[in-house]
Amino acid sequence: MKIAIDRGAPTPLHVQIAHAIREQILAGALPGDGRLPPSRKLAKALGVNRGTVTQAYQVLWSEGLIEGRVGRGTSVLPASAGSETRYAPLPWETLLTGGSEQDDREVREFVRLIDRDDLISLAAGLPAPDLYPMDALRSITDDVLAREGRTLLHWCPVEGYAPLRRQLAERLAGVHPNEILILSGSTQGIFLLARALIAPGDLVAVQSPTYIGALQVFRAAGARIVGIPSGAEGIDSAAIENVFARARPKLFYAVPTFHNPTGETMSLETRKRLLRAADRHGVPVLEDDPYAMLRYDGEELPSLKELDAHGQVLYVSTFSKILFPGLRIGYLAAPRPIVERLKSGKHLQDLFTNSIGQAAVFEFARRGLLEEHAARMRDEYRARRDAMAEALRRRAPSLAFSSPEGGYFIWAKIPEGSAARELLREALRKKVSFVPGDLFSPDGRERDRIRINFVSHDPETIEEGARRLGSALRALRREGRTESREEPGRPIV
Ligand SMILES: Cc1ncc(COP(=O)(O)O)c(C=O)c1O
């Protein structure tokens, strides 16, 4: 057996020896039942300590390449022969690791059920495809490809297309372009932050209810999640203070403006109190702000990021809600060390975000079309919100809700004693759907709430959807169904 060792190399001697033997085993240069020299003999031949050879043998043993038997020395294990006949395909289910993506599959299956084409789906969290600015996008994409197609199609820095980073930094007052990271959707930002900040068992505080995607990410990171009640009356700032002081969460995740699912907007006073509490107890705040450009009435409020005096707010937003989710372009604004860390994580995940999309979004905004489009969306969506609220009041008067000042959703309470899952079963029969409230809860609450999307459909479809929903509510009442006796414990996400 030939083993060359280099005493001047930085690699430890036992690693060099293991490496040389491994190469010979894998190349078939040592017979399958061949004996390796006793460690004392090999050590002497190589001029090293016996312990060094023993260590090398241990490495090979832990790799399953050799075995040691009392009285018979150390020998190379034969390669596993495999089976002559393949009886069945590989059992993939048993090969998968037990990750929390299982939860994700349940949600996706659920979404398939409520988001079918044969229904009027009031369930999706998506914009209105009939209002997409297709012509503008087509001509801008043409221009962008003609101007810088070769560069864009070739490669893009992981942190994003520089002109878009500069443009976003200008829009988010007080942020430097180096503090911006372009994301493949804001969900990627939540995921990367969770990876960077949360170890299994860490506590994450959220508004309860909250965005399902964020709950899934935090669960996948192995976080314990504590929900701070945040209903129609807004979040209770005393409860925030209490949770921060007692439990010191690693992160507080919030959607302060036109919340998903409740539609609520945190008051200026609550924003300030939240930031004071975060500052006092050293809790980073993740502000998720996808709906900010979609205010239909009321006064514009500063984001938490804008109010943040101490660099405690990590901000994510997206073009999915104001333009199209298919773009997969979101962004993060955060202190430099966080951006640097997340850049590495993003590099491992997808190298960089779709660069044509980034350049098109930049150009769309540069030409003033983003503001124009947002103004049009506000007018359309305001009308749709009012159409939905009015239709629900007439067609489904047993629902209790208030109209949000912006965003996509109405969060409604169904009559006392009913369960949203029961109502959904009835609604699916009537060919309409919504999302039952417990999906948004970290602990399976909100069973008497439903989330209704009011932006995706034109006013006639909204009217018909509300009619079907009212009919499902009446059918449920006729049958006298009360609170479901289903397993209360585990929520679907
Ligand atoms: C609060 C919130 N954050 C993030 C997202 C997802 O955004 P993106 O498409 O950029 O991943 C959504 C969409 O449903 C949302 O409601």
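1. Ala, Val, Leu, Ile, Met, Phe, Trp, Tyr, Cys and Pro count here as nonpolar, Asp, Glu, Lys and Arg as charged, and the others, Gly among them, as polar. On that basis the lining of the largest cavity holds seven nonpolar residues, one polar residue and no charged ones. The model is a predicted one, and the points below should be read with that in mind.

2. The cavity itself. Searching the whole structure gives one cavity of 30 Å³ or more. The space in the largest cavity is about 40 Å³. Its lining is made up of L137, L323, F324, L327, G357, A360, V361 and F364. Since Gly counts as polar, G357 is the polar member of this lining. Helix α14 contributes the most to the lining, with four residues.

3. Helix α14, geometry. This helix runs over residues 355-366, 12 residues in total. At 1.5 Å a residue the expected span is 16 Å, and the end C-alpha atoms are 16 Å apart, so the two values agree. At the N-terminal end, N354 acts as the cap, with a side-chain oxygen 3.3 Å from the backbone nitrogen of I356. After the helix comes G368, which has a positive phi, near 80°.

4. Helix α14, environment. Of its 12 residues, 11 are buried, so α14 is largely enclosed by the rest of the structure. The buried set is S355, I356, G357, Q358, A359, A360, V361, F362, E363, F364 and A365. Polar and charged side chains are therefore represented in it, including Q358 and E363. The packing partners of these buried residues are α6 (134-154), α7 (162-171), β5 (180-183) and α15 (369-395). Among the buried residues of α14 are G357, A360, V361 and F364, which also appear in the cavity lining.

5. The second largest pocket. About 560 Å³ of space lies in this pocket. It is lined by 26 residues, and those closest to its centre are D289, A292, M293, E300 and Y315. The elements giving two or more residues to the lining are α7, β11 (313-318) and α15. Strand β11 supplies the largest share, three residues. By class, the lining divides into 14 nonpolar, four polar and eight charged residues. Elements α7 and α15 are also among those against which the buried residues of α14 pack.

6. S186. This residue belongs to helix α8, residues 186-197. Is S186 buried or exposed? The relative accessible area of S186 is 9%, which is under the 20% cut-off, so S186 is buried. Neighbours within four places in sequence aside, S186 contacts D288, V316, S317, T318 and G330. Of these, V316, S317 and T318 fall within the range of β11, 313-318.

7. A205. Strand β6, residues 203-208, contains A205. With a relative accessible area of 0%, A205 is buried. Which residues does A205 touch, not counting residues up to four places away in sequence? They are V226, I228, V243, P249, L251, F252 and Y253. One of them, V243, is 38 residues from A205 along the chain, and the C-alpha atoms of the two are separated by 8.0 Å.

8. Helix α16. Residues 420-429 form this helix, which is mostly covered, as eight of its 10 residues are buried. The buried residues are A420, R421, E422, L423, L424, E426, A427 and L428. Charged residues are included here, R421, E422 and E426 among them. K431, just after α16, takes a positive phi of about 65°.

Notes: Residues numbered from 1 in each chain as written. Predicted model: local features only at pLDDT ≥ 70, side-chain atom pairs only at ≥ 80, totals over all residues. Heavy atoms only, no water. Expected span 1.5 Å × (residues − 1). Buried < 20%, exposed > 50% of the residue type's maximum accessible area, 1.4 Å probe, protein only. Contact = heavy atoms within 4.5 Å. Polar contact = N/O pair within 3.5 Å; in protein donor to acceptor, adjacent residues only side chain to side chain. 1 Å grid on protein atoms, 1.4 Å probe; cavity = no way out; pocket = protein on both sides within 12 Å on 5 of 7 lines; lining within 4 Å. Points joined across faces, edges and corners; volume = space filled by probe spheres on them.
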